[in-house]
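Biologist: I'm just getting started with structures like this one. Could you take me through chain B, and then show me where chain A meets it?

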Amino acid sequence: MADTQKTGRESVFAKAVKEGLLAAALALGLFSLIVGFRTDQNIRNELVLNQRWGLLAIFVLVAGVGRFLLTAYITPWNVARNKNKRAAVEREQSTFRKSFPKIGLGLLLTYPFLVILILTAYNGSIMGGLQGSLKYVDNFGIQILIYVMLAWGLNIVVGLAGLLDLGYVAFYAVGAYSYALLSTHFGLSFWLLLPMAGIFAALWGIMLGFPVLRLRGDYLAIVTLAFGEIIRLVLINWTVVTKGTFGISGIAKATLFGIPFTPGPTGFAALLGLPNSGVYYKIFLYYLILFLALLTAWVTIRLRRMPIGRAWEALREDEIACRSLGINTTTTKLTAFATGAMFGGFAGSFFAARQGFVSPESFVFLESAIILAIVVLGGMGSLVGIAIAAAVMIGGTELLRELEFLKRIFGNDFTPELYRMLLFGLAMIVVMVWKPRGFVGNREPSAFLHKRKMVSSEFTKEGHG
Amino acid sequence: MEYFIQQSINGLTLGSIYGLIAIGYTMVYGIIGMINFAHGDVFMLGAFMAMIVFLALTTFIGGVPVVLALLLMMIVAMLLTGLWSWTIERLAYRPLRGSFRLAPLITAIGMSIALSNFVQVTQGPRNKPIPPLVNGGIGIYGTNVTIAYKQMVIIIVTAILLAAFWYLVNRTTLGRAQRSCEQDRKMAALLGIDVDKTISMTFVMGAMLAAVAGTLYLMFYGVISFTDGFTPGVKAFTAAVLGGIGSLPGAVVGGLLIGLIEALWSAYFSIDYKDVAAFSILAIVLIFLPSGILGRPEVEKV
C-alpha cells in the first residue's frame with residue numbers, strides 16, 4: 001500500500017519534471033525574440049537591437065518552475081481538496097451573503113464620509129482629511145460607479161435580452177457629446193440635458209437596432225462593433241461640430257439644483273458657511289452617479305417583473321419559442337436596445353459633466369470590451385455580481401497607480417501604470433478560466449411557484465439572439 | 001480609367017493582406033464558432049517578429065539578399081507566431097470549451113488586451129520604422145499605371161500561400177479532419193479524429209497566415225507599432241463576415257472587397273471616412289444578405 005503510494009508520488013514527480021522542462025522550452029521559443037531583444041531608436045531614428053538574455057532567462061525559469069510546481073504540488077492538492085468538498089453537504093447561504101446587497105448599499109452611501117473620517121484621523125485636521133479624500137472619492141468611488149452604471153445598463157441588453165452588443169460605448173459617446181455640445185452652444189443646464197442625453201441615446205439605440213433586427217449572435221456582435229467604430233470615426237472626422245481629436249473642453253459643471261460649486265459668494269461652500277474646497281463637488285458627483293447607478297438597478301429589477309422584462313428573458317432563452325408564443329420580437333429587441341442605450345446616455349452626460357472635457361479618445365472599442373467583460377465576469381444578469389466585478393477590475397487597475405512601494409523593490413525606472421492594462425487583460429483570462437460563469441453564477445428566478453429557489457448556473461442558457 | 005486601375009491595384013494589395021488575416025478568423029469560427037478577437041494582435045505580433053528577425057539579420061550578418069531576408073522573416077515569424085497561437089489556445093480557450101458561448105469571447109478580448117500591452121511593455125510604445133526592403137516598380141506598357149515591386153511581392157506571396165492552403169484543406173488528412181470537425185465535432189470524435197489536436201492545428205495555421213500578413217504589412221508600410229493589431233484585425237474580421245463567416249473562399253473575396261472599397265473610397269471621396277465606408281458596407285450587406293456573400297444560410301433546427 002505504502003509502496004504503491006510512493007511510486008505514484010514519484011511518477012507524479014517525474015511527470016512534473018518533464019512538463020516543467022517542456023514549459024521552459026516552450027517559453028524559450030515564445031519569448032526568444034520578443035523578450036530576448038529590445039528594439040530602440042538611436043539618434044538617427046534607426047532601430048537598433050539590444051540584447052536582454054537575463055530577462056529571457058527569468059521568463060523561461062518562471063515558466064518552467066511554475067509548471068513544475070503546478071503539476072507536482074498544486075494539482076494533486078486541489079484534487080484532494082475537491083474530493084473532501086464533494087462529501088460535504090450543500091450549505092445554506094450564509095447570512096453575510098444573503099444580506100450582502102444591504103451591507104454594500106450602506107457602505108456605498110457612507111463611503112465619502114468614511115474616507116473623510118479616516119483621513120481626518122490620519123492627518124489630524126479636517127482640511128487635510130477633505131483634501132486627501134479627493135483622490136479616493138474621485139479615482140475610486142466615481143470611476144468605479146461609472147463603470148458599474150454602464151455595466152448595469154449593458155446588462156439589460158446582454159444579460160437580460162441576450163443580445164451581444166460590442167458597441168455599447170457608442171451610446172456613452174452620444175450621451176457625452178449631446179451634453180457637451182448642447183451645454184457649450186446653448187448654455188442649457190445639466191438637469192435639463194441629463195434626460196435629453198438619455199433620450200438621444202435611446203433614439204440612437206432604436207436607429208441602430210432597426211437594421212440589425214434580423215441578425216443573430218455573432219453577426220449582431222460585429223455590426224454593433226462596426227456601429228461603435230463608425231460613431232467614433234465620425235466624432236474624429238466631423239471637425240466642424242466635434243472639433244475632432246482636440247475634443248470639446250470647458251464644459252459646464254453640474255449644479256445642485258441651481259447652486260453652483262464655485263468659490264464665489266453664491267457658491268455652495270459660501271452658502272453653507274463651509275471652508276472652500278473642491279471636495280464638495282466631488283462628493284456631490286459621487287452621490288449623483290450613485291443615484292444614477294441605483295436608478296439603473298431599480299429600473300432593471302422592476303422591469304424584470306414586468307411583461308417586457310419577461311419577454312426579454314424569454315428572448316434570451318429561445319427566440320423561436322418566444323416568437324411562437326406570440327411575443328413581438330421586434331419591439332422586444334428594440335426596447336432592450338433603447339433602454340440599455342438610455343442608461344449609457346445618462347452615464348455619458350455625467351461623464352462629460354465630471355471631466356469638463358470630451359474627446360473621441362474616451363470612446364474606443366476597448367471601453368466597450370471592458371464594460372462587456374465586467375458584465376460577463378460578474379455573472380450575466382446578476383446586479384451584485386456585476387458591481388463586484390466592476391469594483392475588482394476597475395478598482396484593481398486603479399490601485400496599481402498607487403503602488404509606489406514597488407519602485408523601492410524594482411528600482412526607480414519601474415512604473416506600475418505601464419502594466420495596468422496588461423494585468424487587466426490577464427485578469428480577464430484568469431477569472432474567466434477560473435469561474436466561467438462569473439462571480440455570481442446563480443440566478444434568481446423572475447417567476448416562481450411558492451418558494452424562490454436559486455437557479456444553478458448549469459441550467460441557465462445564454463441565447464443566440 | 002488609369003487612375004481607377006491604379007487604385008484598384010492598391011486596393012487588391014491591401015485586400016490580400018486582409019484576406020490572409022481573415023482566413024484565420026473564418027477557420028476558427030467555422031470549427032468552434034468563436035470570434036477569435038486576439039487574432040488581430042497575433043498578426044501584430046507576427047509583424048514584430050519579422051521586424052526583429054530583419055534587425056537581427058542586418059546587425060549580426062550584414063548584407064543579406066532581400067529575397068533571402070524576406071523568406072527568413074516569413075518563416076521565423078510563421079513558426080513563432082504559430083507557437084504563440086498554440087499556447088494561447090491551450091491556455092485561454094481550451095479550458096472553456098463546452099462552457100457558455102460568451103466565455104471564450106471574453107478570454108479572447110482579454111488576450112487581445114494582454115498581447116498588445118505585452119508588446120508595448122517589452123518593446124516600448126514607439127513606432128518601429130525599418131528601412132524599405134523592396135524599392136521601385138514597373139509601369140504597364142502604354143499607360144501611367146505602375147505596379148510597385150512590393151505590391152507584386154504581396155500579391156504573389158498571397159497567391160502561393162492560398163494555393164498551398166487550398167491544397168492543405170482539400171487534399172490532406174489534416175484538412176479532411178478540419179472539414180469534418182467543422183461539420184459535426186461530436187461525430188468526428190466518434191470516428192476517431194483527435195478534435196483537440198485538429199482545433200489546435202487550425203489556430204496554428206490561422207496564426208501562420210497572419211504572420212505572413214504581418215511580414216507583408218511591415219514590408220509594405222515599413223513601420224509597425226503595438227496598436228497596429230486592432231484596426232487590421234477588425235477589418236479582416238469584417239472581411240470574413242462580409243464573405244460569409246466559415247467560408248474560406250469567402251474570406252479571401254471579402255478581404256479583396258474590403259481592400260478595394262477602402263482604396264476606391266479614399267481615391268474618389270474622402271480619405272478620412274474610408275473606415276466608415278468599409279463598416280457601413282458591412283452593415284448594409286449583412287442587412288440584405290445576413291449570411292454574407294458566400295456563406296451558407298443558417299438553418300435552425302427546432
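Modeller: Here is a walk through chain B, followed by the contact with chain A. This is a predicted model, where local features need pLDDT of at least 70, side-chain atom pairs count only at pLDDT 80 or more, and totals for chains, interfaces and linings use all residues. Residues are numbered from 1 along each chain as its sequence is written, while chains are lettered from A and ligands numbered from 1 in the order in which they are written.

Let's begin with the whole of chain B. It has 11 helices and four strands; helices (H or I, at least four residues) and strands (E, at least two) are DSSP runs, numbered from the N terminus. Along the principal axes, the C-alpha atoms of chain B fill a box of roughly 60 × 50 × 35 Å. A compact globule of 302 residues would have a radius of gyration near 19 Å, and chain B agrees, with 19 Å. That radius is taken over C-alpha atoms, and the globule rule is 2.2 Å times the number of residues to the power 0.38.

Of the 302 residues in chain B, 51% are buried. Buried means that 20 or more other C-beta atoms lie within 10 Å of the residue's own, exposed means 12 or fewer, and partly exposed is in between, with C-beta atoms placed from the backbone.

Now zoom in on helix H1 of chain B, residues 2–32. At 1.5 Å a residue, its 31 residues should span 45 Å, and its end C-alpha atoms are 44 Å apart, which agrees. The expected span is 1.5 Å times one less than the number of residues. Since 22 of the 31 residues of H1(B) are buried, it is largely enclosed by the rest of the structure. Just after H1(B) comes B:Gly33, with a positive phi of about 65 degrees.

Helix H10 of chain B (residues 248–268) also fits the rule: 21 residues should span 30 Å, and its end C-alpha atoms are 30 Å apart. H10(B) is mostly covered, with 15 of its 21 residues buried.

And the meeting with chain A? There, 45 residues of chain A are in contact with 55 residues of chain B, contact being C-beta atoms, placed from the backbone, that lie within 7 Å. H8(A) gives the most to chain A's side, with 12 residues. That side divides into 34 nonpolar, five polar and six charged residues. Here Ala, Val, Leu, Ile, Met, Phe, Trp, Tyr, Cys and Pro count as nonpolar, Asp, Glu, Lys and Arg as charged, and the others, Gly among them, as polar.

Technical notes: Two residues are in contact if their C-beta atoms, placed from the backbone, lie within 7 Å.
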